[in-house]
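What follows is a walk through one protein model, taken a feature at a time. Please keep the sequence and the structure open while reading.

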Amino acid sequence: MIRFFAGHPTGANLLMLVFLIAGGLSLPNILKETQPDFAPTEVEIRITYPGATAREVEEVICQRVENAIDGINYVKEIRADARESLAAIVVEMAAAGDIQTFIRDIETGIDAIDDFPKEVEPPVIQELGKTDPVLSVLVSGPMDLPDLKAYCEDVKDRLQEAGVSLVTIKGFSDHQLRISLSDAALRKTGLTAARVAEQIAAKSKDIPLGLLETRERDILLRLVEQRRTAASLENLVILATPEGGEIRLKDIATVTDLFAFPEEKIMMNGQHQALLAIEKSKTQDALKVAQKAKAFISEERARFPQVTLTLTQDQTQILTDRLNMLVKNGIQGILLVFAFMWLFFNIRVSFWVVMGLPVSFLGAFILVPHLGLSINMFTMVGMLMAIGLLMDDAIVLAENIMAHRQTGKPSLAATVDGIKEVGAGVISSFITTICILGPLAFIGGQIGRVLKVVPMMLILVLAISLIEAFWILPRHMNHAMHQFDSDKTNRFRKGFDRFFDWVRTRILGRVIRVLLTFRYLVVTVVIGLLILSVGMVASGKIKFQGFPELEGDLVTAQLLMPQGTPLSFTENTVARILDALARTNTQFSSAQPEGRNLVENAYVQYNVNAEAFENGPHVATITVDLLTAEKRSGTIEAYLADWRKEIGSLPDVVSLTLSEPGFGPGGRPIEIRLRGKDLDEKQAVTDLKTWFNQFEGVVNLADDLRPGKPELRMQIRPGAHGMGFDAAEVGQQLRAAFQGITADEIQKGPEAYEIDVQMADMDKNSLHQLENFHLTSPDGTRVPLQAVVTWKMERDWARIARFNSMRAVTLRGDVDTRLANTKELMARFNNTYRPEFADRYPDIQLTIAGSLEETTTIAGLLPLLFEKSLQAQILVPLVISTSFGLMASTTMVLLVIPCMYMILGDLGIVENISVDPDARPDKNIHTT
């Protein structure tokens, strides 16, 4: 085959063109993303239980769901969150399972639960991690909230028509027509909130009545009485007498078109905002989705200039920066390799050897989509590493072909003989690479799912390069050698060859002779350096980090206040945090290029805090878009440290986490999970937090075991049953009055509305109103609530977490790497405090999670060592270790290996080697 391709230019060139053209055509079909998909396969079950406490949700829902899915195959772990009114259970599937079968089994198990209370809403079961964020758009304008929501719905529809299919509108809660009942009016009419809801449900209806078939035509019959506006609802007759007296809804209530929860809002610069979150599926290209979205936004700005559309959380900017940086450095590496080779070979040989790089890469791209790979920062690292390894093989082949040609052989014979002579070594080198790097593809966990793509891409490119080296390169080398004449070289080539021979003979040769004389000392020093290197890592002198950090363009402040905190208190605290951010921006903006602001956008999303696992008016998240990492000066750690200092101490704040949203699969630096049958003992978590807080550099420490809202627990008084009251009746009337009851659901255009009935705010906003509340007995008699029930004030947990059917509490925190090292900190924890903790709390299980769970090659990687881009910092450690490792291995091969062979000869294991110092460099070693 080698002789065939070396002698037939059509076959070799045709194969090369196939690789180049087919690879180029495959490029648009290869996904481009920041990083490989590392998210575990998880299914979430969300079940709403309105008005229930976290403890009730745990007992009534979580434990029953855990029992229902206990026997399902391929369940790796179960994490359950019991919160006020909501259960969120996440089931992670083992790698061997099939996700569709897994989901069906979960649905079957949940459907088999038949003893949920009637207030429990149907479960929502969905697979997590099916989409990735692309970018978001903040929308504001001169319109009220309902009109803003309607405009966003229209934009969403038109975005989907433009090819952007995954769009979610945020910043609004459920739309309601809220009926606020007057307590005084209810007393006069003898109605209750529950009775009003029943009347609305019965009288506000559209009912199909059948078909009237006449001789001329068929006519559909329909009763149209459903009320779809506040005005029509106000005129609905709630109570009527035979004499014609009527009580309409407007006589006892006000009807308002609003959103259910006022805390569900997004604010920027004092103005309400809507957020269009644009995502992509796993099979979509992030850059293409972003391009379509940005083109649409540009057109929309021109169409409606009065509406402000602000891009935020643009993930594709980071992706573009990283890919451009890697492509640029790859091209620079190829040029440097070509320049180095030109020093040793002529320009034709150098060109065809380097040409093997694009051929190998594009040939690999043919198979990339079919192997589940994508172009991302990690696969690009694999390709960059391949540059040097490909050059090693190509140089060996080219050098040996040239050596045979210099003996006077014809170019074809020199090409075939040269390749056959070293072909086995080239193949052995490929197999060695597989043996060394291949195991990386089998690393477990989320980090393994990311890192495995590096050897996969590297091995794929090297495999294609073997085809290029044995079937394409021989023809080009044969052609390049036709006009080769070693006696017709230019002055530079002759001078460089003389210089290289002088270095090899006078410097390298003499150094090797000296080292061979002191061979035992040399090998001893090398072994000592190895021991020293291992010791530096083991002692912590060389810092260890499980996953490298990479700065993005986004930071967040996640605020958690005590349960029950009013929205106005949270807004005041947020204002102080934003004031501190403004001062930080002022301090750092002077150092930015052209004096630009460090902070480009900052907006607040209330009712959201991903770290707290809670919702309500007591939580908020401030999202800050920074000047892009390619342009700004300074580090995110410095910005956050200054922001914390400017904020200072805030009263009544449970936790405030200032951080950059997580990148990669490493997890939080500090993540410790405590498990046990009963974790009501808060002291264990407090002790852990106190221990970590003593170290400088530990920030954002927070646990997820927190007190819930104050709770009035009621019980039926003895004798109340005689008045016609039981628990169901009392519960229905109180729930309808204070929580509200949904009388109907209607559809208005693209929006779904709830018709919600409850007491007016003025009649339910104090304990005094509760004390004066009256229940209505079955015969219409109004009875004071205090005559029917007793109550006492208590407080339970805001959230109860469960892990594999046991209660769990997790302590999370971050580490400022300028001040502390996570590995050293956790090693100290394990060696000192953990045994003490186990003795103090023997019934608690403690688990640690998070982030703790050759010349041409160097030339190809060299540009990245000098890359100043923040996006390159994740690659620099890899490139440094690879480059210096190859330098060390080259030194070992040239200087140390000869000493080791001499020692083996001294021991009689190999033949003795003698050196003739007067011999020529190419004849100075012979056996005796």
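**Helix packing, salt bridges and backbone**

The crossing between helices α2 and α16 is left-handed. Helix α2 covers residues 9-26 and helix α16 covers residues 453-481; their axes come within 8 Å and cross at roughly 140°. The two helices are therefore oblique to each other, since only angles over 145 degrees count as roughly antiparallel. From α2, the residues that take part are P9, A12, N13, L15, M16 and F19, and they meet I464, I467, W471, I472, R475 and H476 of α16.

All of this is read from a predicted model, and the predictor's confidence varies along the chain. The protein chain has a mean pLDDT of 84, with 90% of its residues at 70 or more. Confidence is highest in strand β13 (residues 266-268), where the mean is 96, and lowest in strand β32 (residues 925-927), where it is 35. Over residues 913-928 pLDDT stays under 50, and the model has 18 contacts there beyond four places in sequence.

Helix α2 also packs against a second helix. Its partner here is α12 (residues 347-367), with the axes 7 Å apart and an angle of about 50°. That angle makes α2 oblique to α12. The crossing of α2 and α12 is again left-handed. On the α2 side the contacts come from M16, V18, F19, L20, A22, G23, G24 and S26, while α12 supplies W352, M355, P358, V359, L362, G363, F365 and I366. M16 and F19 appear in both sets of contacts, meeting residues of α16 as well as residues of α12.

Charged side chains are the next topic. How many salt bridges does the structure hold? The count is 42. One of them joins R55 to D796, with 2.6 Å between the closest N and O atoms. This pair links distant parts of the chain, as R55 belongs to helix α3 (residues 54-68) and D796 to strand β27 (residues 789-797), 741 residues apart. Are the two partners buried or exposed? R55 is partly exposed, with 25% relative accessibility, whereas D796 is buried, at 10%. The cut-off that separates them is 20% relative accessible area, because residues under that value count as buried.

Helix α3 contains another arginine with a salt bridge, R64, whose side chain meets that of D115 at 3.7 Å, N to O. This pair too links distant parts of the chain: R64 lies in α3 and D115 in the loop between α4 (99-111) and β4 (124-127), 51 residues apart. R64 has 27% relative accessibility and is partly exposed. D115 is also partly exposed, at 44%.

A further salt bridge pairs R248 with E246, where the closest N and O atoms are 3.1 Å apart. R248 is partly exposed, with a relative accessible area of 28%, and E246 is partly exposed at 44%. Salt bridges can also share partners, and in this way R55, E711, R713, K792, E794 and D796 are joined into one network. The R55 and D796 pair described above is part of that network.

The backbone has some features of its own. Most residues other than glycine have a negative phi. Q313 has a positive value, near 50°, and is not a glycine. It sits in the loop between β15 (308-312) and α11 (315-344). Q313 is partly exposed, its relative accessible area being 24%. N700 likewise has a positive phi, of about 60°, without being a glycine. Unlike a loop residue, N700 is placed in strand β21 (residues 698-703). At 10% relative accessibility, N700 is buried.

On the other side of β15 in sequence is the loop between α10 (286-303) and β15, which holds Q306. Q306 is partly exposed, with 46% relative accessibility. What does Q306 contact, leaving aside its neighbours within four places in sequence? The contacts are with G141 and P142. The C-alpha atoms of Q306 and S140 are separated by 9.0 Å, while the two residues are 166 residues apart along the chain.

Definitions and conventions
Residues are numbered from 1 along each chain as its sequence is written. This is a predicted model: local features need pLDDT of at least 70, side-chain atom pairs count only at pLDDT 80 or more; totals for chains, interfaces and linings use all residues. Side-chain values use heavy atoms; hydrogens and water are left out. pLDDT is the predictor's confidence in each residue, from 0 to 100. Helices (H or I, at least four residues) and strands (E, at least two) are DSSP runs, numbered from the N terminus. Contact means heavy atoms within 4.5 Å. Buried means under 20% relative accessible area, exposed over 50%, partly exposed in between (1.4 Å probe, protein chains only). A salt bridge is a side-chain nitrogen of Lys or Arg within 4 Å of a carboxyl oxygen of Asp or Glu. Axes are lines fitted to C-alpha atoms, for helices over the stretch in contact, and angles run from 0 to 180 degrees between N-to-C directions. Angles under 35 degrees count as roughly parallel, over 145 as roughly antiparallel, 65 to 115 as roughly perpendicular and the rest as oblique. A crossing is left-handed if the near helix is turned anticlockwise from the far one by less than a right angle, and right-handed if clockwise.
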